[in-house]
Amino acid sequence: MSATADKPTLPPEASYAGMIGRVADPVLERRPGRRWWIGFGATLLLTLGFAVCLAWLFIEGVGIWGINTPVVWGFAIANFVWWLGIGHAGTLISALLLITRQNWRASINRFAEAMTLFAATIAGLFPIMHLGRPYRFYWLVPYPNTMEVWPQWRSALVWDFAAISTYIIFSILFWYWGLIPDLATMRDRARGRIARYAYGAFSLGWRGSARHWQRHDALYRAMAGLAVPLVVSVHSVVGMDFAASLMPGWQETIFPPYFVVGAMFSGFAMVVTLAVLVRRGLGLQAVITERHFDGMGKIVLAGSVAMGISYLTEWFTTWYGGDRIEYEHLAYLFTGDYAPLYYVMLFCNVLVPQILWLGRMRRNIAVAFVVSIVINIGMWLERILIIWNTLSHTHLPSMRHVFYPTFWDWATLGCSIGLFAFLFFCFVRLVPSVAMHDLNKRLHQEKEARG
Amino acid sequence: MRAGALLLLALAAAALAAFGGPALLEAWLFAFLFWASLALGSLGALAIGHLLKEEWLRPVRGPLEAAARTMPLLAVMAVPVLLGLAQLYPWAGPGGGAVLEGPRALWLQPWPFRLRAAGFLALWIGLAWLLARPGRPDRRLSALVFALLLPSVTLAAQDWSLSRDPAWFGSLQGIAAWVEGLAGALAAATLTALARGTPSREESMVGLERALLTLALAVLWLWFTQYIVVWMADLPAEAGWYLRRMRGGWAWMGLGLAVPALLAAILLAAPPRHGPWRMGLVCALLLVQHAAHLWWVVRPDAPLALPPAWLDAAMLAGLGAAWLAWWREGLVARAGA
């Protein structure tokens, strides 16, 4: 990881003005191309589809999904955990790389943080959608009410609400604070009056004075320091949603850290996916280089090894514990109704990423893209299988049944991906996708190192 | 000096194995686990530092390498434990098999236990020999060491320390124990660097501050996470593990010493720009926390006898003297290399 920090990641001929131009011009100077319009239109349709899914759900109720006792969590909660995992990674990656002085983060942190915002927001919708009475979601908030109905503070689900809302607010602030100097740059480069006013208003009067920079950097680092424990605690709470439930396969003390590692793993995979698309779509080959993919590949590989060790720990703990119910659950993983999916998940999360041990594979962008997609699929399967395997194989044998997703399950998942992509299409046309000021700091360091 | 320490330790180990009672063995076990955790933590810190090419490794690399290379001494320290299993582990004592069910009855058998211990020690001696040496670090090797250490230390912690309560296997326990050892090892190495006045760049010291704080937070997070999951689930075996430790003097050791020491270390480490005294205090608190917490984890499950406090302290110092002699010679040899 740090080797990437030491080695130059930007081209030797790169200049400050050139770097800013490469990032700012696609937003300010270039009109969106045909490919962008097609993508924008398609994802807009999917976003409208998501609205239809929501509307139908609110009219008909959760019965439109495949959930039924005992598999009461189904797609919605798996999607929630999957999206939240992706959503946790952006801020965690950005803050962690900042704290560990991985300056190559400059090329990826902006869109990784944007990914966090979009993914965490979408994730937050799923538990609300999953409530039988979604219009009463605010009951989770401990507001003083005349009914004297108070949340159950011993429930991790209530902690979820507080943790996720705090996290989303914090992520918005962290993202926006890092964006301010770049918004000022956009204000100064914009030719249209509307753009100048808009960027000017959001850049809060930034002038780039030494005092501004000193305060900006001090607060940004302090926020990064706060972000890491916040992110870790939030996904730990998600792990506790399961660990506290006494269901076979869930009641594991390792679940909170396992969920945090899984979030980092899936989130970094999504960052790689987006990095490939942003790089190609905006022509940022000089800004996001093969060296960046090399660094990200190493972290993805470390995540894969950690996931493999977590799976081994789960199997060993179950075997060692000797609890009959847990043992049956483990046997169900390997031989039950969902066993083929379980093997596909292991293939995606543990086996395929091992190719990243080879440096030339990490630097091969096509390989990085394919591996990242495979991991995204694998991590979604992992989330859904945590739910299906445990709930389908419940304590009462007569209740056991296989979950079959309905059209609305798939439509809600697919359209939520569409909504995510739609927000991303808007993002790349409205704000710089790469942190220009951080990029120039990195360029300055590399020029000094070259002498 | 190194040979002398080894010889003395071997004699003490042989005497203890032949004539020692349960109280002496208990004290030996705690001292062995403490020094082993520092050696294993040092090896882990080296692997992480090399892997990430961390700047903080520079001032503490020497002490960490010397600590990691004490692994052969650990093999000697382990002998009385492996020969005295019946007095240390309820499942190995007379009628011990009755407390075990299912696969645990297969796993927790004296000879498989000893063979596993021998395998772990051989693996760690090899890894330390490969990694803890001067020169340019091999990052692939560091990755391999880390990947092998994590499962092996987890299993060893389960065997040596946590199997004394065979009713519960916490899947997080071993990892948390190792991370705590990492924090302790880095704290000890930092104290050494501070005491020796090792010249260090500011960047290295800032890195050390952050590494210590990160590890202290990780220790707090992992143990707290385990506690909260157990508290929410409230199942007999795991709740019983905590309940035993919440009574009488055990609670004082945990809640009165280990937890406050850890919280104080975090509070002191949080504001940036440590001076040498503050950093030294943070390290000392982390070491106190590690020793107190390890004692709190290990001792309440003693099956036969509880040694008096002075015996624990004397054994810790005695084994520590041998370990430190071995460590110091390694440090001097490294400096001369």
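This section describes the nonpolar cores, the salt bridges and one helix of the predicted model.

The largest nonpolar core comprises 146 residues, and within this core Phe111(A), Phe242(A), Phe420(A) and Phe424(A) touch the most other members. The greatest contribution to this core comes from helix H4 of chain A, spanning residues 74-99, which gives 16 residues. When neighbours within four places in sequence are left aside, the contacts of Phe242(A) are with the aromatic residues Trp73(A), Trp250(A), Phe255(A) and Phe259(A), together with Ile77(A), Val81(A), Ile386(A) and Ile387(A). A second core, separate from that one, holds 118 residues, among them Ala187(B), Leu213(B), Ala269(B) and Trp323(B).

Over all chains, a search of the whole structure finds 19 salt bridges. In chain A, Asp25(A) is paired in this way with Arg189(A), with 3.4 Å between the closest N and O atoms. The two partners are 164 residues apart and link distant parts of the chain, Asp25(A) lying in helix H2 (residues 16-28) and Arg189(A) in helix H6 (residues 156-189). Asp25(A) counts as partly exposed because its relative accessibility is 23%, and Arg189(A) is likewise assigned to the partly exposed class because its relative accessibility is 33%. Also in chain A, a network of salt bridges links Asp294(A) and Lys298(A) with Arg362(A) and Arg363(A).

In chain B, a salt bridge joins Asp159(B) to Arg116(B), and the closest N and O atoms of this pair are 2.7 Å apart. Here too distant parts of the chain are linked, since Asp159(B) belongs to helix H8 (residues 139-160) and Arg116(B) to helix H7 (residues 110-131), with the two residues 43 positions apart. Asp159(B) and Arg116(B) are both buried. A further salt bridge of chain B is formed by Arg245(B) and Asp301(B), for which the closest N and O atoms are separated by 2.5 Å. This pair, 56 residues apart, connects helix H11, which contains Arg245(B), with the loop between H13 and helix H14 (309-336), where Asp301(B) is located. Both of these partners, Arg245(B) and Asp301(B), are buried.

Arg245(B) is also one of the buried residues of helix H11 (residues 236-245) of chain B, alongside Glu238(B), Ala239(B), Gly240(B), Trp241(B) and Tyr242(B). The buried residues of this helix pack against four helices of chain B, namely H9 (173-196), H10 (202-233), H12 (248-269) and H13 (276-298).

Methods: Residues numbered from 1 in each chain as written. Chains lettered and ligands numbered in written order. Predicted model: local features only at pLDDT ≥ 70, side-chain atom pairs only at ≥ 80, totals over all residues. Heavy atoms only, no water. Buried < 20%, exposed > 50% of the residue type's maximum accessible area, 1.4 Å probe, protein only. Contact = heavy atoms within 4.5 Å. Salt bridge = Lys/Arg side-chain N within 4 Å of Asp/Glu carboxyl O. Core = buried A, V, L, I, M, F, W, Y, C linked by side-chain atoms within 4.5 Å.
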